[in-house]
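Work through two short packing exercises with the coordinates open. Try each task before reading its solution.

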Amino acid sequence: MKKKNRLQLDENGKLKHFLTIEGLNRQLLIDILDTAESFTSVTEQTIKKVPLLRGKTIVNLFFEASTRTRTTFELAAKRLSADVLNINIQASATAKGETLLDTLRNLEAMHCDMFVVRHADSGATHFIAQHAAPHISVINAGDGQHAHPTQAMLDMFTIRRVKGEFHKLNVAIVGDVRHSRVARSQIHALSMLGVEDVRIIAPKTLVPSEPEAFGVHVYHDLREGLRDVDVVIMLRLQKERMRGASLPSEHEYFQLYGLTEEKLALAKPDVTVMHPGPINRGVEIDSIVADGPRSVILQQVSHGIAVRMAVMSMAMQSHLPVAAGGRG
Amino acid sequence: MSAKELDIDQTLDHVAQSLSSILESRNIQAPIMIGIHTGGVWVAEQLHQRLKLDEPLGTLDISFYRDDFTRVGINPQVQPSTLPLSVDDRHVILVDDVLYTGRTIRAAFNELFDYGRPASIMLAVLVERDGRELPIQADAVGQHVSLEEGEQIKLQGPEPLTLTITQA
């Protein structure tokens, strides 16, 4: 934890790399949410751009396929007036080590300022942050089963917008928590922001091995777990898990863990339904719920741009020399 | 440390009077008033009342347009800008508390033009002091203040609004 902290924050406590929620602090998370809030007005401008990162070069370094995350990172960078390079590298398990470092050295030689990295291996973004040149910031856009911190922050942003505050909320995360980097980052962020009751609802095979360590309440029955919740976050069921022994059929999964109007009625009347996308209609969530009035799934996508603008501009400022500026 | 308080009501009246005679001489009917965060918004609220303007007040936070981001970074207390109406082809009155180097106004122009193309912009400030670093001047000024070495002028508010010169 200490080590992660040292890597993520500079000597003044400012964000330098954004790799995981762990090791950060409540105030920093609030600063990210507040800064994101102020970026929301940029989309109301005729010219949807601010000149903040003009002249900076941001590389989207994707070793794993992604559409939504990559495009919202790209849009966020462009709205900050940065130049963006998209590089998709098909990662084979053996193509790491020296090859990865060589890729980094080459990008550094092109005078890039920030890497936004997605990788199938947990810890890959830490590795890159450790080995990148000192002037480069690294943002984790999802690494293996480890963390997806910008997704968690856009979810926190959405919750704050809809519910106002965090303290009194009951939040349930439903689905494959065990293999989900999104859920891991969400749990850390929710508890850091003061949510008292975080529940995970999943079949026994999809619960993390030591749920107590996360400070969550575990339910195996969806109906029981949904009672009185304010926010329910559905996770995408990765179909590749079906082939393993950990799950019954899609149909059976939907019967037990799929979110329907009827099950949702057990939650609070003003419950908010979230999903990081892409959604599997009829597997983890019924279309009527996904498209219904309590769903904020598309708002989450819009908020992703503002939150990523905030994280990128905050990470970029850690390289600045500390100086007093006059205004007027 | 000593402090000298200036008469804020008189100063606001003075800006309001200058503004209304400019609006009259230029024959401008329905201007849009926009205050610059934070002090400029407080001043704009007062002027908006005094001039009995019909159009809702807009606010501008120029943090993302400052020319010193590469030196000082962003302030987490940034507020969203809110412009309730399109500024396209409209006459805009931009309001700030203190006009000093002119850099804030330069940033405000840039942000405003990202929202549209106003017919005209005029600048109203509560106080102007020497020290311009850009060729920018105000159309309506509450009062001109000459500060000695080490003196600072500060507007505090929103309730009550006070304007003081302090010596560090």
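The exercises below use a predicted model.

**Exercise 1.** Describe how helix H6 of chain A packs against helix H13 of chain A.

Solution.
- Step 1: locate the helices. H6(A) covers residues 149-163, and H13(A) covers residues 297-316.
- Step 2: give the geometry. Their axes come within 8 Å and cross at roughly 115°. The crossing is right-handed.
- Step 3: list the contacts. H6(A) contributes A:Thr150, A:Met153, A:Leu154, A:Asp155, A:Phe157 and A:Thr158. Facing them in H13(A) are A:Gln299, A:Gln300, A:His303, A:Gly304, A:Val307, A:Arg308 and A:Val311.
- Step 4: sort by class. The contact has five nonpolar, six polar and two charged residues.

**Exercise 2.** Lay out the five-stranded sheet of chain B, then place the helices that pack on it.

Solution.
- Step 1: write the strand order. The sheet is open and runs S3-S2-S4-S5-S6, with parallel pairing.
- Step 2: find the edges. S3 (58-60) and S6 (140-145) of chain B each have a single partner strand, so one side of each lacks a neighbour in the sheet.
- Step 3: check the twist. Neighbouring strands are turned by 25° against each other on average, direction ignored.
- Step 4: inspect one pair. S2(B), residues 32-36, joins S3(B) in the parallel sense over three bridges. Here B:Ile36 stands opposite B:Leu60 in S3(B).
- Step 5: add the helices. H1(B), residues 8-26, touches S4, S5 and S6 of chain B. The direction of H1(B) makes about 140° with that of S6(B). H4(B), residues 103-115, touches S2, S3, S4 and S5 of chain B. The direction of H4(B) makes about 155° with that of S4(B).

Notes
Residues numbered from 1 in each chain as written. Chains lettered and ligands numbered in written order. Predicted model: local features only at pLDDT ≥ 70, side-chain atom pairs only at ≥ 80, totals over all residues. Axes fitted to C-alpha atoms, helices over the stretch in contact; angles between N-to-C directions. Helix = DSSP H or I, 4+ residues; strand = E, 2+ residues; numbered from the N terminus. Left-handed = near helix turned anticlockwise from the far one by under 90°. Contact = placed C-beta atoms within 7 Å. Nonpolar A, V, L, I, M, F, W, Y, C, P; charged D, E, K, R; others polar. Pairing = 2+ DSSP bridges.
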